[in-house]
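Me: I would like a close look at one part of this model, with the cut-off behind each term stated as it comes up. Please keep the answer connected, going from the strands to their surroundings.

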Amino acid sequence: MSYDIQNKEEIFLTLAKIVYASMTGNTEEIADIVAEAFENLDLDVEIDECTQVDAEDFEDADICVVATYTYGEGDLPDEIVDFYEELQELDLSGKIFGVCGSGDTFYDQYCKSVDDFDAAFAKTGATRGADSVKVEMAAEEEDIENLEAFAKKIVEAAS
């Protein structure tokens, strides 16, 4: 993030909130990569497992991110279904969002939960800050670079 030093004009974002669902740890790692990228861009970050928070906690954040995996034939993980349903009832106008997650290309509905959350956020009035990032199973070097670019683009959109 660049600041206009001449005019002493700075944009302060108070909080990026990341909520994740992870069965194997892959999606938790994805969420951690995004959180670290946000921290490296001087943002305050809260990261929580989806059963530990309510969707309305996003109302207190400037940037809202969900990291989820896709289960079976394109299903949302059981533990994030309530969060997903609550999210669609919120008004997050003025917020910036992003969605990332993991999946297995073995299934026809690769990373469908990522797409489902993208659509749910769109219903809230929030603005997409970056295209979703989908990771085949665990994050490799290229995925890490994509996730870091995802975080940077979201911060730029919020500025």
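In which sense do strand 4 and strand 6 pair, and over how many bridges?

Reply: Strand 4 and strand 6 run in the parallel sense and are joined over 4 bridges, where pairing requires that DSSP finds at least two bridges between two strands. The model is predicted, so local features are given only at pLDDT of at least 70 and side-chain atom pairs only at pLDDT 80 or more, while totals for chains, interfaces and linings use all residues. Residues are numbered from 1 along each chain as its sequence is written, and side-chain values rest on heavy atoms, with hydrogens and water left out. Strands (E, at least two residues) and helices (H or I, at least four) are DSSP runs numbered from the N terminus.

One of the links between these strands joins G103 to its bridge partner E136 in strand 6. Strand 6 covers residues 133–136, and its side chains alternate: V133 and V135 point to one face and are buried, whereas K134 and E136 point to the other face and are not buried. Buried here means under 20% relative accessible area, exposed means over 50%, and partly exposed lies in between, for a 1.4 Å probe and protein chains only.

G103 also leads to the largest pocket, as it is among the residues nearest the pocket centre, together with Y69, T70, D104 and M137, in a lining of 16 residues. Strand 4 (96–103) and helix 1 (26–40) are the elements that give two or more residues to that lining. A pocket is an open set of points on a 1 Å grid over the protein atoms alone, where a 1.4 Å probe fits and protein lies on both sides within 12 Å along at least five of seven lines; lining residues have an atom within 4 Å of a point. The space in this pocket is about 290 Å³, the volume being that filled by probe spheres set on grid points joined across faces, edges and corners. Its lining has 7 nonpolar, 8 polar and 1 charged residues, with Ala, Val, Leu, Ile, Met, Phe, Trp, Tyr, Cys and Pro counted as nonpolar, Asp, Glu, Lys and Arg as charged, and the others, Gly among them, as polar.

Helix 4 (residues 141–158) holds K153, which is partly exposed at 46% relative accessibility. The C-alpha atoms of K153 and G98 lie 9.7 Å apart, although the two residues are separated by 55 places along the chain. Leaving aside residues up to four places away in sequence, K153 touches G129 and A130, a contact being heavy atoms within 4.5 Å.

R128, in turn, meets D118 in a salt bridge of 2.6 Å from N to O, a term that calls for a side-chain nitrogen of Lys or Arg within 4 Å of a carboxyl oxygen of Asp or Glu. Because R128 lies in strand 5 (residues 127–128) and D118 in helix 3, this pair ties together parts that are 10 residues apart in sequence. R128 is partly exposed at 40% relative accessibility, while D118 is buried at 14%.

Helix 3 (residues 112–124) also contains D116, whose salt bridge with K112 has its closest N and O atoms 3.1 Å apart. D116 and K112 both lie in this helix, 4 residues or about one turn apart; D116 is buried at 16% relative accessibility, and K112 is partly exposed at 29%. Beyond residues up to four places away in sequence, D116 touches G74, L76 and Y84.
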